[in-house]
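Reader: I keep hearing about salt bridges, and I'd like to learn how to read one. Could you walk me through it?

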Amino acid sequence: MHYYRYSNAEVSCWYKYLLFSYNIVFWLAGVAFLAAGLWAWSEKGVLSDLTKVTGLHGLDPVVLVLVVGIVMFTLGFAGCVGALRENICLLKFFCGTIVFIFLLELAVAVLAVLFQDWVRDRVKEFFENNIKSYRDDIDLQNLIDSLQKINHCCGAQGPDDWDFNIYFNCSSESKSREKCGVPFSCCIPDPAQKVVNTQCGYDVRKKSKSQWDDQIFIKGCILALEAWLPRNIYIVAGVFIAISLLQIFGIFLARTLISDIEAVKAACSYRPWPC
């Protein structure tokens, strides 16, 4: 008489529902990002005329929100369904995408350290392109204003960068009231003023440069960001490590669940009865 020993392999419910819980957060966050992005586009009339997106020369922050939302929604959906249905294909897609994003983040961080001059030039070029489109998109305008107010800076390398914008350009052809000025976010705030003076930057660059620092920030935002990074290196490193650990945790859960499912399938293939 022959005795057969069959594997007791089974899919861990602990890993299965932990991965589902992990991904439901991704999925809900993706839904929130998508809803916010579509609402912002509807308010700007982009949904009725998509050419407004392609016509903008700078960055529309809503596009970034939508891209993040699509990625999170897709990954969350694949992870949730893959975990509940024990679908290896969806789980491998989820795991592979997380690994790709993690390696991409790592590569960007390393390249940013190794090629600082090249990164600085690209950031400068990016900032100047967005200065050109400052008045073309309200979200971009608010983003630049927030960046300048928070970092006490003006322009990419200085206030003269606002010559790239047709409304603030100092050329004789310009008929704008804002000619040779800067946005109000470049102005040094007056603690005594309770209402923001949005015209504080008018004609300021018509004055001699020695008088600028009494009225506006003269440091460029690239220099301000370069000074901000060393002061907050532990915060930046902490955020990067936290995101990396979350990604590694997701990869671990997915790989463990895939291994469990494959082990159960392998055990079933040796059994004389169906699993």
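Reader: Okay, which residue does Glu-86 form a salt bridge with?

Author: Here's the general idea: side chains of opposite charge can pair when their charged atoms come close. In this predicted model, Glu-86 pairs with Lys-16, and their closest N and O atoms are 3.1 Å apart. That fits the rule because the cut-off is 4 Å.

Reader: And where do the two partners sit along the chain?

Author: In distant parts of it: Lys-16 belongs to helix α1 (residues 13–44), while Glu-86 is in the loop between α3 (61–85) and α4 (88–114), and 70 residues separate them.

Reader: Is Lys-16 buried or exposed?

Author: Here you look at relative accessible area, and under 20% counts as buried. Lys-16 has 12%, so Lys-16 is buried. Glu-86, at 29%, is partly exposed.

Reader: What comes just before Glu-86, and what is the sign of its phi?

Author: Glu-86 follows α3, and its phi is positive, near 55°. As for α3, this helix has 25 residues and spans 36 Å from first C-alpha to last, close to the 36 Å expected at 1.5 Å a residue. Its buried residues include Pro-61, Val-62, Leu-66, Gly-69 and Met-72. Gly-82 and Ala-83 are among them too.

Reader: How many salt bridges are there in the model?

Author: The count comes to 12. Try another one: Arg-205 and Asp-160 form a salt bridge, with their closest N and O atoms 3.6 Å apart. Both residues lie in the loop between α6 (138–151) and α7 (221–231), so the pair ties together parts that are 45 residues apart in sequence.

Reader: Which of these partners, Arg-205 or Asp-160, is buried, and which is partly exposed?

Author: Arg-205 counts as buried at 7% relative accessibility. Asp-160 has 32%, which makes it partly exposed.

Reader: What about Asp-203: which side chain does it meet in a salt bridge?

Author: That would be Lys-206, at 3.4 Å from N to O. Asp-203 is partly exposed at 22%, whereas Lys-206, at 55%, counts as exposed.

Reader: Which residues do salt bridges with shared partners join into one network?

Author: Asp-160, Asp-163, Arg-205 and Lys-209 are joined that way. You've already met two of these residues, as Arg-205 and Asp-160 form the salt bridge with the 3.6 Å gap. When you look at the structure, try finding that pair, then look for Asp-163 and Lys-209 in the network.

Definitions and conventions: Residues are numbered from 1 along each chain as its sequence is written. This is a predicted model: local features need pLDDT of at least 70, side-chain atom pairs count only at pLDDT 80 or more; totals for chains, interfaces and linings use all residues. Side-chain values use heavy atoms; hydrogens and water are left out. Helices (H or I, at least four residues) and strands (E, at least two) are DSSP runs, numbered from the N terminus. Buried means under 20% relative accessible area, exposed over 50%, partly exposed in between (1.4 Å probe, protein chains only). The expected span of a helix is 1.5 Å times one less than its number of residues.
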